[in-house]
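Student: I would like to learn how to read a few features from a structure. Could we take them one at a time?

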Amino acid sequence: MSKVNLYQVHQVNDYTYIIAEDLDHQVDTMALVIGKKKAALIDTGAGIGNLREVVEELTDLPVMVLTTHLHTDHAGGNPLFDEIYVNERDAFLMPESMGLDFRMRYVRACVTDNPDKLNQIEKGINRVTSFDYQSIDDGDIIDLGGITLRTIAFPGHTPGSLMFYDESSRILFSGDSVNPSPWLFLEYSVPLHEYLDKLRQLKPLLAEAGRIYCGHGVDALEDEVVPDLEECCLEILGGAAGKPTRTVGGDACKYRHGCVTVFYNPEKL
Ligand SMILES: [Zn+2]
């Protein structure tokens, strides 16, 4: 049986790569930003294979992991690395998100018709279910030597969600905070109006960013995503009725505007 390649690497510029963890019906994307002294790995996917090896092919420098939020599909590979940063407000998610059963359930929901691949993942998935970390928060500057990343808190999808901004290349890594189908219905997600307030507050930065890479997609977001998100939230808050839907993360309502679909809880507007 030949080994399935679980990761694909896409170069964005001289020092930035997008690494895709390919789960057939879902792609988890991470970013590697390589400075002169250190490299930052933004998110680690669900930890389905040896991501550390993939990263070490791209850089010899010490790697720090910056976690956009503590969900299964963003922090699952964190234990493969030694220096990890997470926002403290997401700490309560550690037991569930890092649990092996929970991560495998996610993988099985995404890889539905590829038994060889599933088998390989079952054998190779990271089995360590917790990790030590240092807390980072809004405004923290990550100095990689010649390249800096600014930490931007965006409580919404999870209370401790973070984004990271590379000012010199005007690239924003937005995790699940800004994407074409944000999940804002989780029991700990903020009410929809708070998400909208934060989105509006961050508009200057979102407009300044030449490219926004979210946590699920190898291409930068289309320009319409941010204005469509604002409009979509406004329409829901103005009384537009979404459609009830069932997701792997639970029941929600979804409402579409332009190129985005917002998943929300109608009881928590
Ligand atoms: Zn998430």
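Student: Is Q120 buried or exposed?

Tutor: A note first: this is a predicted model. A residue counts as buried when its relative accessible area is under 20%. Q120 has a relative accessible area of 14%, so Q120 is buried. Q120 sits in helix α5 (residues 115–124).

Student: What does Q120 touch, not counting residues up to four places away in sequence?

Tutor: With those set aside, Q120 touches K3, V4 and L6.

Student: Let us turn to the metal. Which residues are the protein donors of the zinc ion?

Tutor: Read a metal site by its donor atoms, their distances and their angles. Here the donors are H69 through NE2, H71 through ND1, H157 through NE2 and D176 through OD, at 2.1 to 2.3 Å from the zinc ion. In sequence these donor residues follow the spacing H-x1-H-x85-H-x18-D.

Student: Where do H69 and H157 lie?

Tutor: H69 is in the loop between β5 (63–66) and α2 (72–75), while H157 is in the loop between β9 (148–153) and β10 (162–166). The pair therefore ties together parts that are 88 residues apart in sequence. H69 is buried, at 1% relative accessibility, and H157 is buried too, with a relative accessible area of 3%.

Student: What is the geometry of the zinc site, given the angles among its 4 donor atoms?

Tutor: The general reference comes first. For four tetrahedral donors the ideal angle at a metal is 109.5 degrees. In this model the angles among the 4 donor atoms of the zinc ion run from 89 to 172°, and the site is irregular. Four donors count as tetrahedral only if all angles lie between 85 and 135 degrees.

Student: Next, the sheet. What is the order of the strands in the open sheet?

Tutor: Read a sheet by strand order, then by the sense of each pairing. The open sheet has 7 strands in the order β1-β2-β3-β4-β5-β6-β7, and the pairing is mixed. Its edge strands, each pairing on one side only, are β1 (7–13) and β7 (134–135).

Student: In which sense do β1 and β2 pair?

Tutor: β1 pairs with strand β2 (residues 16–22) in the antiparallel sense, over 6 bridges. Within that pairing, Q8 stands opposite A20 in β2.

Student: How many bridges join β3 to β4?

Tutor: Strand β3 (residues 27–34) and β4 run antiparallel and are joined by 4 bridges. A hairpin of 4 residues connects β3 to β4, and A31 stands opposite I42 in β4. On its pairing with β5, β4 has the parallel sense, again with 4 bridges. There L41 stands opposite V65 in β5.

Student: Which way do the residues of strand β4 point?

Tutor: From strand β4 (residues 39–42), A39 and L41 point one way and A40 and I42 the other way; all are buried.

Student: Which residues touch the most other members of the largest nonpolar core?

Tutor: A core can be read through its best-connected members. In the largest nonpolar core, which has 39 residues, these are I19, L41, L51, V107 and I121. Helix α4 (residues 100–110) gives the largest share of this core, 4 residues. Leaving aside neighbours within four places in sequence, the contacts of L41 include I19, M30, L51, V55, V65 and F81. Another core, of 30 residues, lies apart from this one, with I152, L196, C214 and V262 among its members.

Student: Last, the aromatics. How many aromatic pairs does the structure hold?

Tutor: A pair of aromatic rings is described by the distance of the centres and the angle of the planes. The structure holds 6 aromatic pairs. For F92 and Y188 the ring centres are 5.4 Å apart and the planes are at 75°, so this pair is edge-to-face. F92 lies in the loop between β6 (83–86) and α3 (94–98) and Y188 in the loop between β11 (171–175) and α6 (192–201), 96 residues apart. F92 is partly exposed, with a relative accessible area of 47%, whereas Y188 is buried at 19%.

Student: How is the pair of F154 and Y195 arranged, and what are its distance and angle?

Tutor: F154 and Y195 are stacked, at 5.1 Å centre to centre with 25° between the planes. F154 is in the loop between β9 and β10 and Y195 in helix α6, 41 residues apart. F154 is buried, with a relative accessible area of 0%, and Y195 is buried at 0% relative accessibility.

Definitions and conventions. Residues are numbered from 1 along each chain as its sequence is written. This is a predicted model: local features need pLDDT of at least 70, side-chain atom pairs count only at pLDDT 80 or more; totals for chains, interfaces and linings use all residues. Side-chain values use heavy atoms; hydrogens and water are left out. Donors are N, O and S atoms within 2.8 Å of the metal (3.2 Å for Na, K and Ca); water is not among the atoms, so sites may look incomplete. Four donors count as tetrahedral if all angles lie between 85 and 135 degrees; four count as square planar and six as octahedral if opposite donors are over 155 degrees apart and all others between 65 and 115; anything else is irregular. Helices (H or I, at least four residues) and strands (E, at least two) are DSSP runs, numbered from the N terminus. Buried means under 20% relative accessible area, exposed over 50%, partly exposed in between (1.4 Å probe, protein chains only). A nonpolar core is a set of buried Ala, Val, Leu, Ile, Met, Phe, Trp, Tyr and Cys residues joined through side-chain atoms within 4.5 Å. Contact means heavy atoms within 4.5 Å. Two strands pair if DSSP finds at least two bridges between them. Rings of Phe, Tyr and Trp (its six-membered ring) pair if their centres lie within 6.5 Å; planes under 30 degrees apart count as stacked, over 60 as edge-to-face and the rest as tilted.
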